[in-house]
Amino acid sequence: MSLKDKNIVLGVCGSIAAYKIASLIRLLIKEGASVQVIMTREATQFITPLTLSTLSKNPVLVDYYDPKTGEWNNHVHLGLHADLMLVAPLSANTLGKFANGLCDNLLSAVYLSAKCPVYVAPAMDLDMWIHPSTTRNIALLESYGNKIIPPGKGELASGLNGEGRLAEPEDIISYLQTDLASNLPLQGKKALITAGPTYEAIDPVRFIGNHSSGKMGYAIANQLLRLGAEVTLVSGPTSLQANSSIRTIRIQSAQQMYDACAQEFAISDIIVMSAAVADYTVQNPADQKIKKKAEDFSIALKKTVDILGTLGQQKTSKQTLVGFALETNNELEHAQDKLKRKNADFIVLNSMQDKGAGFGTDTNKVTILSRDGKTINYALKTKDEVALDISNLIIEHQKSL
Ligand code: CTP
């Protein structure tokens, strides 16, 4: 699981191991995370805030109040807006505070306010680490749902040898990645998404296309990625840029979209066909630009391959297949018919009659029909929120298979 775009609050306590945090921050930034460091007063004796603010590209926070700027460091805001909180090194003193609800500095206040997953990487001398009170405090943190990144064995600052040294920065990163991934509902699932319009060439400079922006499909691809799926996006021409962790295959025509999807279909667990595929393509596209001559002009068209329908017939009992329907009249009836005809598990119905729904907008209003006969009407929402609604149905469906 990638740490890219994750907001990480990194707490640093007073411990000789604080020097390793410079490397840890560099690795987190390299992974694409954004890092807000909070140090205890004691930590500033071991490594300077200047070093950590330079590496994290963010001012380091120590106190509730910054006397220089007059700014209040809002612990509730910091705790609520983090995607994860990591405390490394966690000293025996701060461990004791966290375990018992003491709150006498900014770091312990943020800990108490945090709603996100909390990871701690303890560092202390071996006798401190095996003291019954440390064992009890660690067990308390675990009972709160916090994750303990186990300390390593080796030479300690005291000169003694044993367990208690801070886990290496690389090991902390891989612990976070593995743990975050294992909690995601679509971990291990492969998803195939189509998005955007198709362009059917008339000649080298003209095409038949439509107004699809691709926003809905891209929002679904991003959402499924966030939920742990490995995502392949087959996209028609759009100006959108997918997350770099999404494998994006760019195509132009319906036939190219079909070819790309046919390659991926059998290995995909989740298939969402949100592209606005042309129903007809040009029978004989011209090699050269067509010159205007006659007053009347017509182009012979032929049907494109129905990607959803064709792949729907090959669907196995382990796959979840979602189609879209854009209707202008008898919406529910047509969508119901599409659900059956295309052998889909869900049809997401957009009605052109709804304000704020459809092409180019950032919002959408959908009704989702499912194979088991349910019809759910959703309110007008952002496309990201609609993507989450669709993803939640997919998660439930995959669980039921
Ligand atoms: N679709 C597809 N391949 C096509 C056309 C459409 O995969 N050649 C998919 C779309 O991505 C969408 C769904 O089919 O998920 C609905 O598209 P639509 O064009 O409304 O389906 P049709 O059966 O062609 O509907 P109609 O009879 O209204 O034209």
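**Local backbone features, the domain 2 sheet and selected contacts**

Lysine 57 is exposed, its relative accessible area being 64%. The three classes used throughout are buried (under 20% relative accessible area), exposed (over 50%) and partly exposed (in between), computed with a 1.4 Å probe on protein chains only. The structure is a predicted model, in which local features need pLDDT of at least 70 and side-chain atom pairs count only at pLDDT 80 or more, whereas totals for chains, interfaces and linings use all residues. Residues are numbered from 1 along each chain as its sequence is written, and side-chain values use heavy atoms, with hydrogens and water left out.

Lysine 57 is located in the loop between α2 (49-56) and β3 (65-66); here helices (H or I, at least four residues) and strands (E, at least two) are DSSP runs numbered from the N terminus. Its phi is positive, near 60°, in a residue other than glycine. Aspartate 5, also not a glycine, has a positive phi of about 65°. Aspartate 5 belongs to the segment before β1 (7-12) and is exposed, with a relative accessible area of 53%. A further backbone feature is the cis peptide bond from alanine 88 to proline 89, with omega near -5°; proline 89 is part of strand β5 (residues 84-90). For reference, most residues other than glycine have a negative phi, and most peptide bonds are trans.

The domain assignment divides the protein into domain 1 (7-183) and domain 2 (190-400), these bounds coming from an automatic or database domain assignment. The centres of the two domains, taken over C-alpha atoms, are separated by 45 Å.

An open sheet is formed by 8 strands in the order β14-β13-β10-β15-β18-β19-β21-β22, with mixed pairing; two strands pair if DSSP finds at least two bridges between them. The edges are occupied by β14 (247-250) and β22 (375-377), each of which has a single partner strand, so one side of each is left without a neighbour in the sheet. On average, neighbouring strands of this sheet are turned by 15° against each other, direction ignored. At one edge, strand β21 (residues 366-370) pairs with β22 in the antiparallel sense over 3 bridges, and isoleucine 368 has isoleucine 376 of β22 as its bridge partner.

Helix α9 (residues 215-226) lies across β10, β13 (230-235), β14, β15 (270-273) and β18 (320-327), and runs at about 165° to β10. Helix α10 (residues 254-265) packs on the sheet and touches β10, β13, β14 and β15, its direction making about 170° with that of β10. Axes are lines fitted to C-alpha atoms, for helices over the stretch in contact, and angles run from 0 to 180 degrees between N-to-C directions.

Within β10 (residues 190-195) lies threonine 194, a buried residue with a relative accessible area of 2%. Contact being defined as heavy atoms within 4.5 Å, threonine 194 touches Gly217, Val234, Met257, Cys261, Val272, Met273, Ser274 and Ala275 when its neighbours within four places in sequence are left aside. A polar atom of the threonine 194 side chain lies 3.1 Å from the backbone nitrogen of alanine 275. A polar contact is a pair of N or O atoms within 3.5 Å; within protein, one must be able to donate a hydrogen and the other to accept it, and residues adjacent in sequence count only if both atoms are side-chain atoms.

Leucine 401 is found in the segment after α13 (383-400) and is partly exposed at 34% relative accessibility. Its C-alpha atom is separated by 7.1 Å from that of serine 317, the two residues being 84 residues apart along the chain. With neighbours within four places left aside, leucine 401 is in contact with Ser317, Lys318, Gln319 and Thr320.

Rings of Phe, Tyr and Trp (its six-membered ring) pair if their centres lie within 6.5 Å, and planes under 30 degrees apart count as stacked, over 60 as edge-to-face and the rest as tilted. By this rule there are 4 aromatic pairs. One of them is the stacked pair of tyrosine 64 and tryptophan 72, at 5.7 Å centre to centre and 15° between the planes. Tyrosine 64 is partly exposed at 25% relative accessibility, and tryptophan 72 is exposed at 53%. The ring centres of phenylalanine 98 and tyrosine 111 are 3.8 Å apart with the planes at 5°, so this pair is stacked. Phenylalanine 98 lies in helix α4 (residues 92-100) and tyrosine 111 in helix α5 (residues 106-113), so the pair ties together parts that are 13 residues apart in sequence. Both phenylalanine 98 and tyrosine 111 are buried.
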